[in-house]
Amino acid sequence: MSLLDTGIIQIPFRLSDEIGTVRELLKQYQNVPMSLADACLVRMSELISGSCVLTLDSDFRVYRKNKNEMMDLIIADGI
């Protein structure tokens, strides 16, 4: 949290600005299912070029950014 407080890490994401796209992701992956937090991470991966998602959630192997692109993931092998 201190890295956020000092501005070293910035998260330029406002859910209110992205709600339409996030809602579409939640609908698209409703059978997985996708949480709001997951949808926000997928959307951020679309907005932030070169980003990588660190997760323990195997559903991220299913999710796609920009409709059909695999996301760069850091995920444990056994998951």
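Okay, so when I say strand here, I mean a DSSP run of E with at least two residues, numbered from the N terminus. With that in hand, the residue to keep an eye on is Thr-55, which is found in strand β1. And just so everyone knows, this is a predicted model.

Let me set the scene. The chain has three helices and four strands, and from the N terminus on the elements go α-α-α-β-β-β-β. The C-alpha atoms fill a box of roughly 40 × 35 × 20 Å along the principal axes. There are 79 residues, and 28% of them count as buried. If you take the contacts with a separation of 6 or more, 29% are between residues 24 or more positions apart.

Back to Thr-55. Buried or exposed? Buried, because its relative accessibility is 12% and the cut-off for buried is under 20%. Leaving out residues up to four places away in sequence, Thr-55 touches Phe-60, Ile-74, Ile-75 and Ala-76. There's also a polar atom of the Thr-55 side chain sitting 2.8 Å from the backbone nitrogen of Asp-57.

Now, the largest pocket. We're talking about 160 Å³ of space. The lining includes Ile-11, Leu-41, Met-44 and Ile-48, and also Val-53 and Leu-54. Two elements, α3 (36-47) and β1 (53-55), each give two or more residues to that lining. Which of the elements gives the largest share? That's α3, with three residues. As for chemistry, the lining has seven nonpolar residues, two polar ones and no charged ones.

One last thing, on the surface: the chain exposes about 5,600 Å², with carbon and sulfur atoms supplying 55% of it.

Conventions. Residues numbered from 1 in each chain as written. Predicted model: local features only at pLDDT ≥ 70, side-chain atom pairs only at ≥ 80, totals over all residues. Heavy atoms only, no water. 1 Å grid on protein atoms, 1.4 Å probe; cavity = no way out; pocket = protein on both sides within 12 Å on 5 of 7 lines; lining within 4 Å. Points joined across faces, edges and corners; volume = space filled by probe spheres on them. Nonpolar A, V, L, I, M, F, W, Y, C, P; charged D, E, K, R; others polar. Buried < 20%, exposed > 50% of the residue type's maximum accessible area, 1.4 Å probe, protein only. Polar contact = N/O pair within 3.5 Å; in protein donor to acceptor, adjacent residues only side chain to side chain. Contact = heavy atoms within 4.5 Å. Areas by Shrake-Rupley, 256 points an atom, 1.4 Å probe, with all protein chains shown as cover.
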